[in-house]
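Welcome, and please open the model in your viewer. We will go from stop to stop, with something to select at each one.

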There are 2 protein chains.
Amino acid sequence: MSLIFSRQCEYALQGILYMAAQPHESYTNIIEISDRLGIPMPFLGKTFQLLVQAKILQSQKGPKGGFRLAKAPDEVALFHVVDAIDGTDFLTSCVLGFPECSGRNPCPMHNEWGPLRDRVYQMIAKKTIADVAREIKDSRQLRTKLGIR
Amino acid sequence: MSLIFSRQCEYALQGILYMAAQPHESYTNIIEISDRLGIPMPFLGKTFQLLVQAKILQSQKGPKGGFRLAKAPDEVALFHVVDAIDGTDFLTSCVLGFPECSGRNPCPMHNEWGPLRDRVYQMIAKKTIADVAREIKDSRQLRTKLGIR
DNA sequence: CATATATCAGACCTTTCTATCTGAAATATA
DNA sequence: TATATTTCAGATAGAAAGGTCTGATATATG
């Protein structure tokens, strides 16, 4: 395997996408979310707990409880979700795995990978939950996938 | 964790870098390579076996044996090494993990991730072992790291 | 031919990631 | 207050990746 984000991080991002399409004041429970997204429920529970600790989600126990966004949707970027689950190592670590690789001691990939990595960062740092919510509204495919309307 | 390549793939790329700096006809044994790069020797052995099967390296048993490049250095791109170890899933799989994500059914990241992923591919597909060998020659840092000259 | 040196093949161990299970704690509602 | 519903916390299980070990096989060299 390879690829940018861990599976748990993918789940977190998918879950946040789902939350972005919900009314922001009411709580959504994890049975509905995991059912709809096809994600193992207990694992998504653990994952959302991490997002609660990171103050990205709020939780409420008991009947009518569940999760909702902890902040205004335009205040949270997807980067914050990635940071809460996978951390930020990918921003600094060498793409070839050389521990001592750096700007003044670059590996053969360093000068090409740096700008690309920055653009990956920009991609998730600039896109907020509000942006995603808009895109979901504009895409019938995504709406049906997430069971909206 | 996250990041593009698996650890084994990083080892393979580092090992190929080392081979790029060696005379191409003679064999280099794995004790020297793993020592120099700080990689666990048996694991690098396994990894190089995969590169032999992929016809990127040739091996020779016995005294004076070891590994050497199986082709001319300008005929092998770093992509071939990545393909031999990690495969090419990263070229097609959705960055958010949606199985059904595609051009006509895009996830909210699809249109931004696609071009970036293509550039990652270009980066490793265009760079050959010969290119890397040149860069190593031109960098005193890399030469000392790899113990050249 | 004997020996030392190297890769090869397969089994095995360890660590990390993914996923599940259980019971406790909180809370809406009857 | 009793009950059902939900998250929470910690332990546990399973799967995959990373890493080790052993013996077999090939070969250069004395």
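How many residues surround DNA strand C, and which are the closest? Select DNA strand C and the protein around it: 24 residues surround the strand, and the closest are Pro40(A), Pro63(A), Ile30(B), Lys46(B) and Ser59(B). Sugar and phosphate make up 66% of the strand C atoms that come within 4 Å of the protein. Please keep in mind on this tour that you are looking at a predicted model.

**Stop 1: around DNA strand C**

Stay with strand C and pick out some contacts to its phosphates. Start with Arg7(A), where a polar backbone atom is 3.1 Å from a phosphate oxygen of the strand. Next, select Tyr11(A): here a polar side-chain atom lies 3.2 Å from a phosphate oxygen of strand C. Then move to Gln60(A), which has a side-chain N or O atom 3.3 Å from a phosphate oxygen of strand C.

Now switch to a cartoon view. Which helices and strands each supply at least two residues of the surface near DNA strand C? From chain A, they are α1 (7–20) and α3 (41–53); from chain B, they are α3 (41–53), β1 (57–60) and β2 (66–69). If you colour this surface by residue class, you will find nine nonpolar, nine polar and six charged residues.

**Stop 2: around DNA strand D**

Select DNA strand D next. This strand is surrounded by 23 residues, and the closest are Ile30(A), Lys46(A), Ser59(A), Pro40(B) and Pro63(B). Of the strand D atoms within 4 Å of the protein, 65% belong to sugar or phosphate, and the rest belong to bases.

Zoom in on Lys46(A) for a contact with a base: a polar atom of its side chain lies 2.8 Å from a base oxygen of strand D. Then select Ser59(A), whose side chain has an N or O atom 2.4 Å from a phosphate oxygen of strand D. Over on chain B, look for Arg7(B), where a polar backbone atom is 3.1 Å from a phosphate oxygen of strand D.

In the cartoon view, show α3, β1 (57–60) and β2 (66–69) of chain A along with α1 and α3 of chain B; each supplies at least two residues of the surface near strand D. The largest share, three residues, comes from α3(B). By class, this surface has nine nonpolar, eight polar and six charged residues.

**Stop 3: where the two protein chains meet**

Hide the DNA and colour chains A and B separately. How many residues does each chain bring to the contact? Chain B brings 40 residues, and chain A brings 40 residues. The area buried between the chains is about 3900 Å², and carbon and sulfur atoms give 66% of it. On the chain B side, select Leu3(B), Pro108(B) and Met123(B): these lose the most area to chain A, together 17% of what that side buries.

Next, look for polar and charged pairs across the contact. Between chain B and chain A there are eight residue pairs in polar contact, and the count of salt bridges is two. For one salt bridge to view, select Glu112(A) and Lys127(B), whose side chains meet at 2.8 Å, N to O.

Several helices of chain B belong in this view: α1 (7–20), α4 (78–86), α5 (110–126), α6 and α7 (140–146) each supply at least two residues of the side that touches chain A. Of these, α5(B) gives the most, with seven residues. That side of chain B has 23 nonpolar, seven polar and ten charged residues.

**Stop 4: following the salt bridges**

Over all chains, the structure holds eight salt bridges. Select Lys127(B) again and add Glu135(B): their side chains form a salt bridge at 2.6 Å, N to O. Is Lys127(B) buried or exposed? Lys127(B) counts as buried because its relative accessibility is 7%, whereas Glu135(B) is partly exposed at 27%.

Now find helix α6 (residues 129–138) of chain B, where Arg134(B) and Asp131(B) lie three residues apart, about one turn of the helix. Their side chains meet in a salt bridge at 2.6 Å, N to O. Arg134(B) counts as partly exposed at 49% relative accessibility, and Asp131(B) counts as partly exposed at 22%. To see a network, show Glu112(A), Lys127(B) and Glu135(B) together: salt bridges that share partners join these residues.

For the last selection, go to Arg117(A) and Asp118(A), whose side chains meet in a salt bridge at 3.8 Å, N to O. Arg117(A) counts as buried at 15% relative accessibility, while Asp118(A) counts as partly exposed at 41%.

Methods. Residues are numbered from 1 along each chain as its sequence is written. Chains are lettered from A and ligands numbered from 1 in the order in which they are written. This is a predicted model: local features need pLDDT of at least 70, side-chain atom pairs count only at pLDDT 80 or more; totals for chains, interfaces and linings use all residues. Side-chain values use heavy atoms; hydrogens and water are left out. A residue is near a molecule or strand if one of its heavy atoms lies within 4 Å of it. A polar contact is a pair of N or O atoms within 3.5 Å; within protein, one must be able to donate a hydrogen and the other to accept it, and residues adjacent in sequence count only if both atoms are side-chain atoms. Helices (H or I, at least four residues) and strands (E, at least two) are DSSP runs, numbered from the N terminus. Ala, Val, Leu, Ile, Met, Phe, Trp, Tyr, Cys and Pro count as nonpolar, Asp, Glu, Lys and Arg as charged, and the others, Gly among them, as polar. A salt bridge is a side-chain nitrogen of Lys or Arg within 4 Å of a carboxyl oxygen of Asp or Glu. Buried means under 20% relative accessible area, exposed over 50%, partly exposed in between (1.4 Å probe, protein chains only). Contact means heavy atoms within 4.5 Å. Buried area is the accessible area (1.4 Å probe) that two parts lose on being put together, summed over both.
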